[in-house]
Amino acid sequence: MENPFNTQENKPTRSGLLTTLLILTFIWSGISFIGNVYVMTSFDSVIEYVEDVMDDESMAALTAVLEQSIQTMEKVGVGYFGLLALLLAIGLAGAVFMWRLNKFGFHLYASAQIIMLFIPMVFGLIKYPGVFDTAISALFIWLYARELKIFNKEHVQG
């Protein structure tokens, strides 16, 4: 007869796919979060640095791209990078919850990713979400959704 008190058998475990997706999320979202926080907290310094790089003769081929970058940064302002950092932090929090097999994390992550697709539109940078960004976000959300069957609303795994 089976032991009804043996909780080891009932404990859900993370699949290899879920672990891989989460590690990729931690890396990409973590780097993006750090970059956006840096730009947000050093906004004027970053613009000055890009202007200095533009003056370097070896960067002459990139002058147009660098000028466009400065114009874009000045157009959106520091709030854009702060908002992206906030959404990335929410997505990372969602990934932490998913690491612990808590279904709430999926909803946090998916919501943050979807909102991030539209932020450039809100700031007037683009008219439509980018195809590549949308495809990658949709792929990750879909792959995470396929793993929801092992998640538990109350379960928290260390």
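**Helix H4 and the aromatic pairs**

In this predicted model, the buried residues of helix H4 pack against three helices, namely H1 (16–41), H3 (63–99) and H5 (131–146). Helix H4 itself covers residues 104–122, 19 residues in total. From the first C-alpha to the last, H4 reaches 27 Å, close to the 27 Å expected at 1.5 Å a residue. The helix nevertheless bends by about 25° at Met-116, and a proline, Pro-120, follows within four residues of that position.

The buried positions of H4 are Gly-105, Phe-106, Tyr-109, Ala-110, Ala-112, Gln-113, Met-116, Leu-117, Ile-119 and Pro-120. Met-116, where the bend is located, is thus listed among the buried residues, as is Pro-120. An α-helix has 3.6 residues a turn, so residues three or four places apart point the same way. Just after H4, Gly-124 takes a positive phi of about 75°.

A search for aromatic pairs across the whole structure finds seven. In one of them, the ring centres of Tyr-80 and Phe-123 are 5.0 Å apart and the ring planes stand at 80°, so the pair is edge-to-face. Because Tyr-80 lies in helix H3 and Phe-123 in the loop between H4 and H5, this pair ties together parts that are 43 residues apart in sequence. Tyr-80 is buried, with a relative accessible area of 11%, whereas Phe-123, at 25% relative accessibility, counts as partly exposed. A further pair is formed by Phe-97 and Phe-104, whose ring centres are 5.4 Å apart; with the planes at 85°, this pair is also edge-to-face. Both of its members are partly exposed: Phe-97 has a relative accessible area of 30% and Phe-104 one of 45%.

Tyr-80 and Phe-123 also belong to one aromatic cluster, together with Phe-43 and Phe-81. Phe-81 is in turn one of the residues touched by Asn-36. Asn-36 has its place in helix H1 and is buried, with a relative accessible area of 11%. When residues up to four places away in sequence are not counted, Asn-36 touches Phe-81, Leu-84, Ala-85 and Leu-88.

A charged side chain is also placed against an aromatic ring: Arg-14 lies over the face of Trp-99, at 3.7 Å from the ring centre.

Note on methods:
Residues numbered from 1 in each chain as written. Predicted model: local features only at pLDDT ≥ 70, side-chain atom pairs only at ≥ 80, totals over all residues. Heavy atoms only, no water. Helix = DSSP H or I, 4+ residues; strand = E, 2+ residues; numbered from the N terminus. Expected span 1.5 Å × (residues − 1). Bend = angle between axes of the 7 residues up to and from the residue. Buried < 20%, exposed > 50% of the residue type's maximum accessible area, 1.4 Å probe, protein only. Contact = heavy atoms within 4.5 Å. Phe/Tyr/Trp six-rings, centres within 6.5 Å; stacked < 30°, edge-to-face > 60°. Lys NZ or Arg CZ within 6 Å of the ring centre and 35° of its normal.
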